[in-house]
Amino acid sequence: MSISTPTTIDYSELSDSFQLFSKISQISTSFYDFSDTLLKDGKVFHGLNDIQHNLVLKDSGITLLFPVIANDNIIGFVICDDTGVSQERVDLSKTYIASIANDTLGKALNTSIEILNPLTAQNMSQMRKFVLLFKPTLNQIDHGATAKAESTDISRKPSSIDDILAYVQNNIRKPISLESVSQNVFLSPSYLSRIFKKYLHVNFIDYVNYQRVAIACKYLMLTDNKVSVISRQVGCSQNSYFSKIFKKATGMSPLAYRRTHAAVQKVLTIPRDLTWHDQDTIYDISRRYFQNLTYDFSIQTVDGYPYVNQIGTLTDSGSRGWLYSVDCQQPTSPSSTIITADNAVIQWFYTNQIVSN
C-alpha cells in the first residue's frame, strides 16, 4: 500500500539538489510524490493544476521512472530523461539519486529512502494492461477511498476548491461538465457539487455558465466577432444553447447586448473564488482584487457612498467613467451596498457614454 509524504516538508533543498544533479549529469531529473508535489528545474509545484502544466512525460522508451520507497511504501517517482544515457550512467544515477534523497527527504521523514531500479517499457505496458483489466475493481477501490476522504479529511476541502476553480478558469473556453472536472481533480461528481455549493454559495453549472457569459460579454463589447464565433470561443458548440444561457443571465440577446454596450472601451472581470466572504460588497471585493494586482483604485464620495472613479490608468472624465455588473447584469445601486453572498462574477467596464439608469 502506498503512502503520501507530508505536505509540510520543505522541498526546496531537495529541489535544488536535483537541479544540481541535472546540470552535472546532463540528465534532466524531476521528482513527483503522492502528496501532489512536483520538483522540477529547481522549482516546487503543489496541486494538480500546476503539476499537470509542468509534468510532461516523454515516450516510455526514453523516460526512466525510479520508484521511491520509504518505510516499505512507494511514496513517489524520480523521473529522468533517458535520451542517450548508457546503462552505466543509469546505474550511477540511481546511486547518486539515493544519496540525494536520503540526505534531504530521508532526514525530513526520519527514515531510510530506497530507490528501486527504473521501470522498464515492458513494466509500463504491463501496468497499463493491469489498469484496463481491473478498471471496474479499481473504480470501486477509488470510490471507497474517495468516500473515506470525504468524510474524514475536512481540511482539504478549500484546496480542492482551488483546484476546481483553476481547472475551470484554464478550460472555460472548452466544453466543461461536472464529470470532466471531477475526473481531473480526483473527486466524485456528487462530492464536488456538494462542496462547491457549500464554499462558493453557487451551483457548479451556474458558476461555469456565468463565467462563459462574462467572457462573451467582453467579446461582444470589445470585438466585432460574430455571435457564432463567440459561442465557440466560450466553449459552447451550439449557438442555440449559448443564446439561451446568455439571455438568461443578461436579460437580452447577444446582439442587443452589443448595441447597448457599444461605447465600452475596457472590461475587467473578477471571477468568484475563496477570497469572497459572505458579507463582502461589490466594492470590498473589487478594492481587494485590484489592489492585489497593484492597480490604482480610487474613489470619491457621492451621496455618502464610495463611487469608483479610477481603476488602473482610466479615470472619470466628462461622460467617460466606470460602471459595473454582477452576474452580467448592471445594478442601479452603489457597489458598496450590494452583498455578493451568492454571485459568481463581477465585471467593471469603462465607457465613454455614461447613461443614468
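In β10, which residue is the bridge partner of Ile-311? It's Leu-314, and I'll come back to that corner of the fold in a minute.

Okay, ground rules. What you're looking at is a predicted model, where local features need pLDDT of at least 70 and side-chain atom pairs count only at pLDDT 80 or more, while totals for chains, interfaces and linings use all residues. Residues are numbered from 1 along each chain as its sequence is written, and side-chain values use heavy atoms, with hydrogens and water left out. When I say helix or strand, I mean a DSSP run, H or I with at least four residues for helices and E with at least two for strands, numbered from the N terminus.

Let's do the six-stranded sheet. How are its 6 strands ordered? The order is β3-β2-β1-β5-β4-β6, in an open sheet with antiparallel pairing. Pairing here takes at least two DSSP bridges between two strands. The edges are β3 (43-46) and β6 (113-115), and each has a single partner strand, so one side of each is left without a neighbour in the sheet. From one strand to the next, the twist averages 20°. For angles, axes are lines fitted to C-alpha atoms, for helices over the stretch in contact, and the values run from 0 to 180 degrees between N-to-C directions.

Zooming in on that sheet, β1 (residues 29-33) and β2 (residues 37-40) run antiparallel and are joined by 3 bridges. Phe-31 sits opposite Leu-39 of β2. Helix α1 (residues 12-25) packs on this sheet and touches β1, β2, β3 and β5 (73-81), with its direction at about 150° to that of β1. By touching I mean heavy atoms within 4.5 Å. Then there's helix α3 (residues 87-109), lying across β1, β4 (63-70), β5 and β6 and running at about 160° to β6.

Now the other sheet, where we started. This one is open too, with 3 strands in the order β8-β9-β10 and antiparallel pairing. β8 and β10 are the edge strands, each pairing on one side only. Helix α13 (residues 282-292) packs on it, touching β8 and β9, and its direction makes about 150° with that of β8.

Strands β8 (residues 297-302) and β9 (residues 305-311) are joined by 6 bridges, and Ile-299 has Val-308 as its bridge partner in β9. Their hairpin has 2 residues between the strands. One to click on there is Asp-303, in the loop between β8 and β9: its phi is positive, about 55°, although it is not a glycine. Asp-303 counts as exposed because its relative accessibility is 72%; the cut-offs are under 20% for buried, over 50% for exposed and partly exposed in between, with a 1.4 Å probe and protein chains only.

On the other side of β9, 2 bridges join it to β10 (residues 314-315), and Gln-310 stands opposite Thr-315. That pair of strands is also a hairpin with 2 residues between them, and Gly-312 in the turn has a positive phi of about 65°.

Why point out the phi values at all? Because most residues other than glycine have a negative phi. His-201 is another non-glycine with a positive phi, about 60°. His-201 is in the loop between α8 (189-200) and α9, and it counts as partly exposed because its relative accessibility is 28%.

That brings us to the helices. At what angle do the axes of α9 (residues 204-222) and α11 (residues 239-250) cross? Roughly 90°, and they come within 10 Å. So α9 is roughly perpendicular to α11, a label that covers 65 to 115 degrees, with under 35 being roughly parallel, over 145 roughly antiparallel and the rest oblique. On the α9 side, the contact residues include Tyr-210, Val-213 and Cys-217; they and their neighbours in the contact meet a set in α11 including Phe-242, Ile-245 and Phe-246. The contact's residues divide into 10 nonpolar, 2 polar and no charged. In that split, Ala, Val, Leu, Ile, Met, Phe, Trp, Tyr, Cys and Pro are nonpolar, Asp, Glu, Lys and Arg are charged, and the others, Gly among them, are polar.

Last stop, the cysteines. How many disulfides does the rule give? With the sulfur atoms required to be within 2.5 Å, the count is 0. For Cys-217, the nearest cysteine sulfur is that of Cys-328, 4.4 Å away. Cys-217 is buried, with a relative accessible area of 0%, and Cys-236 counts as buried too, at 4% relative accessibility.
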